Amino acid sequence: MDKNKRWSIFTCLLLTLLSVSLTAQVKFEREYRIKPVDVPKTAVSFVDSAFRDIPVRWYMETSSEGKSIEAKLMRNRTLYSIEFDESGNLEDVEFEISAGDLPEKTLDAIRKWLGNRFSTFRLMKIQQQWTGSRHEIYGILTGKMDPDQYPARYEIVVRGKISGKTVWYEYLFSDSGEMLSEIPVVFKNTDNLVY
Amino acid sequence: MTKRLLILILVLAAVMSSIAQESYRTGILPQVNLNMKLSDNWRLVLRAESRQVVASGLFGDPFEFGYDNNLTDLALLTSRRISGTQNFTFGYQMRLAGEKPIHRTIQQYSLVSVHNSFRLGHRFAADQTFEPEETAEYRFRYRISFETALSGQSVDPGEFYFKVNQEQLHGFSGGEYDLELRLAPALGFEFTDNNKLEAGFDNRFSSFLNGSLRSSFWLTIGWFISI
């Protein structure tokens, strides 16, 4: 048997052994596209009336914590995500903004808080979030209510350094710049894009 | 970005099909990537790839099958994560293709950017190949990878995804330069975040700068495991 054949057999054996021994733990979390007919009517009617004539993509998110439904759409080049529970009750509305869109006082308070947390940091992604009654959110989205008069929250992904180590966190800040939650960002495996 | 990538792929496919003459090889390229965590930032990667040629010849000649277990590559790489999305990797690869092994040293920097419905991987690499009684070859490579879920906005366990790699390799050996282009679309399946299987086609075109195009078309099967 020549050397190449031996290595070939070795590679096949390695493949087989790994396929048998690999019993990775699965954290059940899945998001997939669904059709509007599979979405509760109350959710569809809310989105259709708040965002008239704008194409909408609907997604179902299932995890160990339950199910939720999300509508995604682009309005004025801004990506909106409208989240509902499984019954179609509105949970929140999020859309991407830049740091310059934040109220100055809020941004200053957030920067100050992050400045104490990290030696250096960068705001990687900011989403404004509205939670509240269906009626209020509808009013804001359709311009019947002044959004500046309604309290917003800000979901911010931050890359920073702590003790020389680069870390990523996702924060939720109130409109006064108070930190409400901090979750480390867990990146999905990138092996198939790197090697 | 997606549109630009598609246009690039179409242009490359058109260029390649128009110059698809002269010699070719075709076969199977099975590959296993085993990635082991050493610490928070350090990883060890074992990669095994085999090249099984099932046919080769000149375009225009009658097609003839002829199996040849062409070569096997075994690589041991060390990877240092410098942020959540960036890595430096270096290592050694041994190619078993004849009586004596061929040695290759590898260095690479990679960056992955995550977008709302796709991920882009950028790989900048250099390698040096040392073969007994042959002139050393030095290559500089850049590969861009595009990955998108076929269901939903991100790839989740139990879902299929589409991936395409486009790579250019600039090779220098004995004062001569050659450019190789690769285009590799693949269909992937994610069993878990740390266990993915991909199958696709890897189309490689080289030596077209000096007018003697060499093409190779491989059926690829890649398995990416992280433990």
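What follows is a quick tour of how chains A and B meet, and of the nonpolar cores in this predicted model.

Start with the interface. On one side, 35 residues of chain A take part, and they touch 59 residues of chain B. The size of an interface is often given as the accessible area lost when the parts come together. Here the two chains bury about 4000 Å² between them, with 55% of that on carbon and sulfur atoms. Polar links turn up too: chain A and chain B share three salt bridges. In one salt bridge, A:Lys188 pairs with B:Glu190 through their side chains, at 3.8 Å from N to O. Polar contacts across the interface come to 20 residue pairs. As for which parts of chain A do the touching, the elements that supply two or more residues are α1 (3–21), β1 (29–34), β8 (165–173) and α5 (191–194). The top contributor is α1(A), which puts in nine residues. Sorted by class, chain A's side of the interface holds 14 nonpolar, twelve charged and nine polar residues.

Now for the cores. The largest nonpolar core is made up of 42 residues, and A:Val47, A:Phe51, A:Trp58, A:Ile82, A:Phe84, A:Trp130 and A:Leu141 have the most contacts inside it. Helix α2 (residues 41–50) of chain A is its main supplier, giving five residues. Leaving aside residues up to four places away in sequence, A:Phe84 touches a mixed set of neighbours, including A:Phe46, A:Val47, A:Trp58, A:Ser68, A:Asn89 and A:Glu91. A separate core of eight residues has members from both chains, among them A:Val194, B:Val45, B:Ile106 and B:Val112.

Terms used:
Residues are numbered from 1 along each chain as its sequence is written. Chains are lettered from A and ligands numbered from 1 in the order in which they are written. This is a predicted model: local features need pLDDT of at least 70, side-chain atom pairs count only at pLDDT 80 or more; totals for chains, interfaces and linings use all residues. Side-chain values use heavy atoms; hydrogens and water are left out. Contact means heavy atoms within 4.5 Å. Buried area is the accessible area (1.4 Å probe) that two parts lose on being put together, summed over both. A salt bridge is a side-chain nitrogen of Lys or Arg within 4 Å of a carboxyl oxygen of Asp or Glu. A polar contact is a pair of N or O atoms within 3.5 Å; within protein, one must be able to donate a hydrogen and the other to accept it, and residues adjacent in sequence count only if both atoms are side-chain atoms. Helices (H or I, at least four residues) and strands (E, at least two) are DSSP runs, numbered from the N terminus. Ala, Val, Leu, Ile, Met, Phe, Trp, Tyr, Cys and Pro count as nonpolar, Asp, Glu, Lys and Arg as charged, and the others, Gly among them, as polar. A nonpolar core is a set of buried Ala, Val, Leu, Ile, Met, Phe, Trp, Tyr and Cys residues joined through side-chain atoms within 4.5 Å. Buried means under 20% relative accessible area, exposed over 50%, partly exposed in between (1.4 Å probe, protein chains only).
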